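The following exercises introduce a structure step by step. Each task is followed by a worked solution.

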Amino acid sequence: MAVATSIDALAAGVALALDEAASGGTNIFITVAAIGIITCLLSALGVKIGNLFGKKFKKSAELAGGCILILLAIKFLLEGLKVI
C-alpha cells in the first residue's frame, strides 16, 4: 500500500506541476504549501477527535476493530483457498 500511495502521490505531483507550467497560473510552491498546511491541520484535528472518541468508546471500538480484522482475515483466507 505504501508503494501504491507513493506512486499515486508522484503522479499527482507531476500532473500538478505540468498543469501549473502549462497554464502559467499560480506559483506551484504556494499550491504545495496550501496543501501541506491543510493536510497538517486536518490530520491534527483527526488525532484530536480520535483521542476524544477513543476515551469514550475505547472498549467497544477495540471489540469492533478486532471483529473486523478477524472477518477480513477469514475473507482473505477463503479467497486464497478459492472458496469464494
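## Exercise 1: An aromatic residue and its partner

Phe57 has a relative accessible area of 36% and is therefore partly exposed. The model under study is a predicted one.

**Task.** Locate Phe57 in the fold, and determine which residue forms an aromatic pair with Phe57 and how the pair is arranged.

**Solution.**

1. Phe57 belongs to helix H2, a helix that covers residues 28–80.
2. A single aromatic pair is present in the structure. Its members are Phe53 and Phe57, with ring centres 5.9 Å apart and planes at 15° to each other.
3. Planes under 30 degrees apart count as stacked, and the pair of Phe53 and Phe57 is accordingly described as stacked.
4. About one helical turn separates Phe53 from Phe57, because the two are four residues apart in helix H2.
5. Phe53 and Phe57 also contribute to a nonpolar surface patch of about 580 Å². The other residues of this patch are Ile38, Leu42, Leu45 and Ile49.

## Exercise 2: A charged pair

**Task.** Establish how many salt bridges the whole structure contains, and describe the side chains that take part.

**Solution.**

1. The search of the whole structure yields one salt bridge.
2. It joins the side chains of Glu79 and Lys75, at a distance of 2.8 Å from N to O. The cut-off for such a contact is 4 Å.
3. Both Glu79 and Lys75 are in helix H2, where a spacing of four residues places them about one turn of the helix apart.
4. Glu79 has a relative accessibility of 33% and so counts as partly exposed. Lys75, at 37%, is likewise partly exposed.

## Exercise 3: The cysteines

**Task.** State how many disulfides the structure holds, and classify Cys40 and Cys67 by accessibility.

**Solution.**

1. A disulfide is a covalent bond between the sulfur atoms of two cysteines.
2. The structure holds zero disulfides.
3. Exposed means over 50% relative accessible area. Cys40 has 52% and is therefore exposed.
4. Cys67, with 39% relative accessibility, counts as partly exposed.

## Exercise 4: The overall form

**Task.** Describe the secondary structure of the protein, and compare its radius of gyration with that of a compact globule of 84 residues.

**Solution.**

1. The protein consists of two helices and zero strands.
2. Ala9 lies in helix H1, which comprises residues 2–23. With a relative accessible area of 48%, Ala9 is partly exposed.
3. Ala9 and Ile35 are 26 residues apart in sequence, and their C-alpha atoms are 12 Å apart in space.
4. The radius of gyration of the protein is 20 Å, whereas a compact globule of 84 residues would have a value near 12 Å.
5. The C-alpha trace spans about 55 × 40 × 15 Å along the principal axes.
6. Of the 84 residues, 2% are buried.
7. The exposed area of the protein is about 7200 Å², of which carbon and sulfur atoms supply 78%.

## Exercise 5: An unusual backbone angle

**Task.** Determine where Lys82 lies, what its phi angle is, and whether Lys82 is buried or exposed.

**Solution.**

1. Lys82 is located in the segment after H2.
2. Its phi is positive, about 60°, although Lys82 is not a glycine.
3. The relative accessible area of Lys82 is 72%, so the residue is classed as exposed.

Note on methods:
Residues are numbered from 1 along each chain as its sequence is written. This is a predicted model: local features need pLDDT of at least 70, side-chain atom pairs count only at pLDDT 80 or more; totals for chains, interfaces and linings use all residues. Side-chain values use heavy atoms; hydrogens and water are left out. Rings of Phe, Tyr and Trp (its six-membered ring) pair if their centres lie within 6.5 Å; planes under 30 degrees apart count as stacked, over 60 as edge-to-face and the rest as tilted. Buried means under 20% relative accessible area, exposed over 50%, partly exposed in between (1.4 Å probe, protein chains only). A disulfide is a pair of cysteine sulfur atoms within 2.5 Å. The radius of gyration is taken over C-alpha atoms; the globule rule is 2.2 Å times the number of residues to the power 0.38. Accessible areas come from the Shrake-Rupley method with a 1.4 Å probe; for residues, only the protein chains shown count as cover. Patches are made of residues with over 30% relative accessible area and no salt bridge: like charges are joined within 9 Å, nonpolar side chains (Val, Leu, Ile, Met, Phe, Trp, Tyr) within 5 Å.
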